[in-house]
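Colleague: I have a model open and would like to work through it with you. Shall we take it question by question?

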Amino acid sequence: MFLGVFLNTMPMFRVPKLGDISLILTTLFSLSTAIPALPRQTQDDNKSCKNIFFGPLVERFPDPSLIYTDKVWYSFATGTNGKQGTWIEGAYSKDFETWTSLDGERIPDLPKANWTKQEGTNSVWAPDVMQRTDGEFLMYFAALDGSASGGRHCVGIARSDDISKTFSAEGLDAFVCNATHGGTIDPAFFRDHDEKDDNIAAYVVYKADGGRVGIPTELLIQQVDKDGKFEGIRKAKNSDGSTKDPVLLLRAESKDHNVEAPYIIRRGKTYFLFFSTHLYNEAAYDIQYATSDNVLGPYKRKSVALLTSDTAPYKEDCKLDGEKTYFFGPGGPSFQSIGDNKVVFHNYHSPANATGKRGLWTGTFEIKQDSEDGPTVVWTSS
């Protein structure tokens, strides 16, 4: 996902955010007035093809989230169309194949929030949406910290009774800022269910943007109220009434340069923490994951990345006619939290490098419980 100020002299650094970067990257993400829904690449292109991933299904759609409700998949993404800084993209699908854009802004009243500010375009990033037990929807997002300069962000919350309509941030404070660690971005909600499908706890995971202040980036988790009036909004309390502290899940290692885009799911008794490493506009950007038998960790990283630029989008015998597509810096994934094993992520689809557009891609996966390396995520073809 979008990163912070690039520190060439530091082993841990943060990539330029869209609000900070040069005209080159402004040109990189060219303006558009709508999100074109692109045709899905199917086996009809070649009867011998076995698709593993599909895309680009929406042309400009970085940092996509995923939620399934009322038999419809919804995805929300960082805005890339050059409109005012509060813009967030949205799309939906009834079959996970054809995606239709949602019209208009998602959080039109964000300028009324007292904790943030809007500067230039695309200052709101990486939205994630959850549904409360009372049916209301909450959108978590990163927006500029109104008390700081230089592009530091906080995580905020907006709410809506209808996921396909606008969300409102008015009257809601910032959820977390973490100024001493460079701010926070990339929020994602996780509701923990036990094997009886009981709602046992709720959390928000996010990235602490340490590269902005010269320290390693980190992935943290904050427990929140799992039900009631403040479900998903208020940080959970300890038995003595004090607020629970966030817990560190993962810190960037020197080989990573950066970690971001955390996302947690649970399958059986295993928790899977997905994340991306490196810079969002480099070929090294990827999807990795770690596992744990406790949502708060410790998490054990897998030795092999789940998805990289070297991953083939199709089986080796698949020879599609027309424009070729491939992976360059796939990342920023979101997984279906319960039910079907579906995933969305973004990937550049411009020849040879990251001078194109990060489009919406989809895939499916399964968990191999009998692996020698413990529970392992495996991509499936269709």
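Modeller: Start with a term: a residue is buried when its relative accessible area is under 20%. Keep in mind that this is a predicted model.

Colleague: How many of the 6 residues of strand β4 are buried?

Modeller: Strand β4 covers residues 88-93. It is largely enclosed by the rest of the structure, because the buried residues number 5 of the 6.

Colleague: Which residue of β4 stands opposite W73?

Modeller: Look at how β3 and β4 pair. They run in the antiparallel sense, over 6 bridges. Within β4, the residue opposite W73 is S93.

Colleague: Which residue in the turn between β4 and β5 has a positive phi?

Modeller: Strand β5 covers residues 100-101, and 2 bridges join it to β4, with the strands antiparallel. One facing pair is Y92 and T100. The two strands form a hairpin with 6 residues between them. In that turn, the residue with a phi of about 65° is F96.

Colleague: What is the order of the strands in the open sheet of 3 strands?

Modeller: The pairing in this sheet is antiparallel. Its edge strands, β6 (125-131) and β8, each pair on one side only. From one strand to the next, the twist averages 25°. The order is β6-β7-β8.

Colleague: What is the bridge partner of Y140 in β8?

Modeller: Strand β7 spans residues 137-144 and pairs with β8 over 8 bridges, in the antiparallel sense. Strands of a sheet pair through backbone hydrogen bonds. In β8, the partner of Y140 is I157.

Colleague: Is the disulfide of C154 and C177 right-handed or left-handed?

Modeller: The sulfur atoms of C154 and C177 are 2.0 Å apart, and a disulfide needs them within 2.5 Å. C154 sits in strand β8 (residues 153-160), while C177 is in the loop between β8 and β9, 23 residues apart. The torsion about the S-S bond is about 105°, so the disulfide is right-handed.

Colleague: Why does C177 count as partly exposed?

Modeller: Buried means under 20% and exposed means over 50%, with partly exposed in between. C154 is buried, at 0%. C177 counts as partly exposed because its relative accessible area is 24%.

Colleague: How many residues apart are F53 and F345?

Modeller: The model has 23 aromatic pairs. F53 and F345 form one that is edge-to-face, with 5.8 Å centre to centre and 90° between the planes. F53 lies in strand β1 (residues 53-58) and F345 in strand β18 (residues 342-348), and they are 292 residues apart.

Colleague: Which parts of the chain does the pair of F76 and F167 tie together?

Modeller: F76 and F167 are also edge-to-face, at 6.3 Å centre to centre and 80° between the planes. Both residues are buried. They are 91 residues apart in sequence, so the pair ties together strand β3 (residues 72-78) and the loop between β8 and β9.

Colleague: What lies over the face of F175?

Modeller: A lysine or arginine charge sits over a ring when, among other conditions, it is within 6 Å of the ring centre. Here the distance is 5.6 Å. The residue over F175 is K235.

Colleague: Which side chain makes a polar contact with the side chain of E260?

Modeller: E260 lies in strand β13 (residues 259-267). It counts as buried because its relative accessibility is 0%. The contact spans 3.4 Å, and the partner of E260 is N258.

Technical notes. Residues numbered from 1 in each chain as written. Predicted model: local features only at pLDDT ≥ 70, side-chain atom pairs only at ≥ 80, totals over all residues. Heavy atoms only, no water. Helix = DSSP H or I, 4+ residues; strand = E, 2+ residues; numbered from the N terminus. Buried < 20%, exposed > 50% of the residue type's maximum accessible area, 1.4 Å probe, protein only. Polar contact = N/O pair within 3.5 Å; in protein donor to acceptor, adjacent residues only side chain to side chain. Pairing = 2+ DSSP bridges. Axes fitted to C-alpha atoms, helices over the stretch in contact; angles between N-to-C directions. Phe/Tyr/Trp six-rings, centres within 6.5 Å; stacked < 30°, edge-to-face > 60°. Lys NZ or Arg CZ within 6 Å of the ring centre and 35° of its normal.
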